[in-house]
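Please read the following report alongside the sequence and the structure. It takes up the nonpolar core, a helix packing and the cysteines in turn.

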Amino acid sequence: MAEKKRDNFVSKWGFIIACIGSAVGMGNIWLFPRRVAEFGAPFLVAYLICVLVIGFSGVVGEMTLGRHTGQGPLGAFEIATERLNGKKAIGGGLSLIPVLGSFALAIGYSVVVGWIIKYMVGSFNGSILSLEGGDAFGAYFGTMATGHAVVGWHIVALVITFAIVVFGIAGGIEKVNKVVMPLFFLLFLGVAIYVGNQTGAAEGYRYMFTSSDWGVLKDMGMWKYALGQAFFSLSLAGSGTVVYGSYLKKDADITYCAANVALFDTLAAFIAALAIIPAMYTVGIGAVDIASMSGPGLLFISLPMVFQSMPGGSIVMIIFFVAVFFAGISSLINLFEAPIEAVQSKLNLKRGPAVLAVGVVGTAIAVLIEGIVSGWMDICSIYVCPIGALLAAIMTFWVLKKEDVIKEINLGTARHLGEKIYPIGRYVFCGLVIVVLIVGSLTQGGIG
């Protein structure tokens with residue numbers, strides 16, 4: 001019986017855009033601006049350094065593992081350990097950490113995307129901007145964040161996600177990301193330009209670029225946050241990037257792809273900061289107050305109040321939440337793809353039944369955890385995701401043969417950077433993931 005042909009991304013840029021979609025999410029939109037508000041321009045510098053040092057090598061490593069083995073995390077780990085000692089069961093067992101971690105994170109993230117859809121619809125019908133006063137905005141969000149008040153919107157988020165992934169890589173994931181990610185950047189850039197023309201916005205820019213204490217570069221606490229931001233923003237968890245890499249053609253340049261993912265993910269975070277921080281300054285909310293807000297509080301309470309005070313605020317709010325929805329749904333697609341690919345390959349199912357199986361189980365659990373989504377997401381981000389990333393890095397840079405990894409990195413390019421990237425991935429990236437785990441565990445609040 002002939003082996004079934006594996007689905008692939010049609011083009012190199014289709015793959016890059018899908019990876020950008022997986023990386024760009026709430027970490028860019030509600031966390032990055034808070035850190036810039038807390039530390040100013042020095043945080044931008046520290047973040048860029050962390051992206052260059054660990055983000056690039058980590059993304060290259062996970063793409064390489066997926067493409068070299070032609071499998072998602074489950075199959076890739078099995079192949080790696082089988083080549084090491086003939087026991088693929090060891091890799092299969094370890095792979096459950098990133099696969100189930102991606103599934104758990106997707107379940108929690110789907111709740112947040114449900115919130116986003118509710119606000120997006122509310123921005124169209126005007127129900128959000130009709131609220132009066134900070135207490136009203138807080139109460140409105142509070143009904144969503146506790147209990148099961150948004151089950152309907154949550155189900156909508158899941159249905160949209162599974163309706164996309166059921167069409168496969170080229171026919172679903174690639175096509176959708178090619179539309180929503182360019183629109184995300186255009187819409188968010190439009191919001192940033194509009195905000196920049198409002199009274200008071202200049203104070204926000206002034207703070208971001210000229211009012212910084214550069215002595216904070218000596219603050220290890222800031223570097224901790226920059227490291228965590230780079231790590232989580234680039235979706236390094238041993239799952240989504242590995243599985244996307246398994247769909248990448250052999251003639252694509254992995255280093256070029258990884259560099260573009262890191263670049264555009266950073267641009268997304270920077271544009272979000274340029275839109276959100278000056279917007280808050282237009283109503284007299286300064287950096288100290290922004291830094292003290294929770295991510296959801298900033299996105300779902302404070303920003304709608306700011307839009308309410310702006311001329312044309314209803315239009316700005318529509319554009320903003322449509323863009324946020326694009327970022328959320330593209331990340332959710334990626335998070336669910338790892339468990340779907342694992343079920344499909346392990347049980348030898350066609351894509352439709354695999355999506356249905358993951359969808360039924362995921363939806364049931366997602367509805368049950370709506371009231372505890374914050375704690376659920378903390379466990380995933382503090383523990384499960386870094387462990388998954390460390391395991392994937394170990395499989396790539398310690399278990400697979402060095403010459404095979406370097407050869408895979410160098411495929412499709414004349415630059416041949418594999419020899420330089422390999423030691424960075426093996427020692428620096430693996431070491432810093434361990435730091436992420438230790439610091440996150442000690443602080444109980446994550447490193448981001």
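## Nonpolar core

In this predicted model, the largest nonpolar core has 158 residues, and the members that touch the most others are Ile29, Phe184, Phe188, Leu299 and Phe320. Leu299 can serve as an example: once its neighbours within four places in sequence are set aside, Leu299 is in contact with Met26, Ile29, Trp30, Pro304, Phe320, Phe321 and Val324. Two of these partners, Ile29 and Phe320, are themselves listed with Leu299 as touching the most other core members.

## Packing of helix 1 and helix 8

Helix 1, spanning residues 12–23, packs on helix 8, spanning residues 168–196, at an angle of about 65° and with the axes 8 Å apart, and the crossing is left-handed. On the side of helix 1 the contact is formed by Gly14, Ile17, Ala18, Ile20 and Gly21, while helix 8 contributes Ile173, Glu174, Asn177, Lys178, Met181 and Phe185. By class, the residues of this contact comprise 6 nonpolar, 3 polar and 2 charged.

## Cysteines

How many disulfides does the structure hold? The count is 0, where a disulfide would require two cysteine sulfur atoms within 2.5 Å. Cys380 is unpaired because the closest cysteine sulfur, that of Cys385, lies 6.1 Å from its own, too far for a bond; Cys380 counts as buried because its relative accessibility is 4%.

For Cys430, the closest cysteine sulfur belongs to Cys50 and is 16 Å away, which is too far for a bond. With a relative accessibility of 6%, Cys430 likewise counts as buried.

How values were computed:
Residues are numbered from 1 along each chain as its sequence is written. This is a predicted model: local features need pLDDT of at least 70, side-chain atom pairs count only at pLDDT 80 or more; totals for chains, interfaces and linings use all residues. Side-chain values use heavy atoms; hydrogens and water are left out. A nonpolar core is a set of buried Ala, Val, Leu, Ile, Met, Phe, Trp, Tyr and Cys residues joined through side-chain atoms within 4.5 Å. Buried means under 20% relative accessible area, exposed over 50%, partly exposed in between (1.4 Å probe, protein chains only). Contact means heavy atoms within 4.5 Å. Axes are lines fitted to C-alpha atoms, for helices over the stretch in contact, and angles run from 0 to 180 degrees between N-to-C directions. Helices (H or I, at least four residues) and strands (E, at least two) are DSSP runs, numbered from the N terminus. A crossing is left-handed if the near helix is turned anticlockwise from the far one by less than a right angle, and right-handed if clockwise. Ala, Val, Leu, Ile, Met, Phe, Trp, Tyr, Cys and Pro count as nonpolar, Asp, Glu, Lys and Arg as charged, and the others, Gly among them, as polar.
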